[in-house]
Amino acid sequence: MTIDELRAKAAERQQTCSQIKKMIVSRLDLEIEPDWITDDQPLFGRGLELDSLDVLELYVAIEAEFGVALYDSEMAVFGSVSRLADEVNPALRATA
């Protein structure tokens, strides 16, 4: 992979993560700026402290915005914005 390809992939990841952060803040009506959420910040527990109702809202939002259906068995993708980005945009996943 060339340096230009790496830069393009990094920019695409940053754009997807930014889009997810804006979606989370908007759909959950959070009183924070999207930029306050870091890419690797946990969304549950000590992170954004989202609960199960918030996840249901995000399921709907992700399908509407990205056209990706998530299921209960895929709860691990809600571990962080970065994990969500990998799920909604599989081209972002690291390749060995």
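## A walk from the H1–H2 loop to helix H3

Start by selecting Gln41, which sits in the loop between H1 and H2 (helices here are DSSP runs of H or I, at least four residues, numbered from the N terminus). Before you go on, keep in mind that this is a predicted model, where local features need pLDDT of at least 70, side-chain atom pairs count only at pLDDT 80 or more, and totals for chains, interfaces and linings use all residues. Residues are numbered from 1 along each chain as its sequence is written, and side-chain values use heavy atoms, with hydrogens and water left out.

Is Gln41 buried or exposed? Gln41 has 18% relative accessibility, so it counts as buried (buried is under 20% relative accessible area, exposed over 50%, partly exposed in between, with a 1.4 Å probe and protein chains only). Now show the side chain of Gln41: it reaches the backbone nitrogen of Thr38 at 3.1 Å. Next, bring up what Gln41 touches beyond four places in sequence: Trp36, Gly47, Leu48, Gly79, Ser80 and Val81 (contact means heavy atoms within 4.5 Å).

From that list, click on Leu48, which is in the loop between helix H1 (3-27) and helix H2 (52-66). Leu48 is buried too, with a relative accessible area of 17%. Leaving aside neighbours within four places in sequence, Leu48 is in contact with Ile24, Ile32, Ile37, Gln41, Pro42 and Leu43. For a distance to draw, try the C-alpha atoms of Leu48 and Ile20: they are 14 Å apart, with these positions 28 residues apart along the chain.

Val81, another residue that Gln41 touches, takes you to helix H3. Select residues 81-88 and colour the buried ones: Val81, Ser82, Leu84, Ala85 and Val88. Look down the axis and you'll see why they belong together: they cover an arc of only 160°, which puts them on the same side of H3 (the arc is that of the directions from the helix axis to the C-beta atoms). An α-helix has 3.6 residues a turn, so residues three or four places apart point the same way. What do the buried residues of H3 pack against? Turn on H1 and H2, their packing partners.

Last stop: the one aromatic pair in the structure. Tyr59 and Phe78 meet edge-to-face, 5.4 Å centre to centre with 80° between the planes (rings of Phe, Tyr and Trp, the last by its six-membered ring, pair if their centres lie within 6.5 Å; planes under 30 degrees apart are stacked, over 60 edge-to-face and the rest tilted). The pair links distant parts of the chain, with Tyr59 in helix H2 and Phe78 in the loop between H2 and H3, 19 residues apart. Both partners are buried: Tyr59 at 11% relative accessibility, Phe78 with a relative accessible area of 1%.

Conventions
Helices (H or I, at least four residues) and strands (E, at least two) are DSSP runs, numbered from the N terminus. A polar contact is a pair of N or O atoms within 3.5 Å; within protein, one must be able to donate a hydrogen and the other to accept it, and residues adjacent in sequence count only if both atoms are side-chain atoms.
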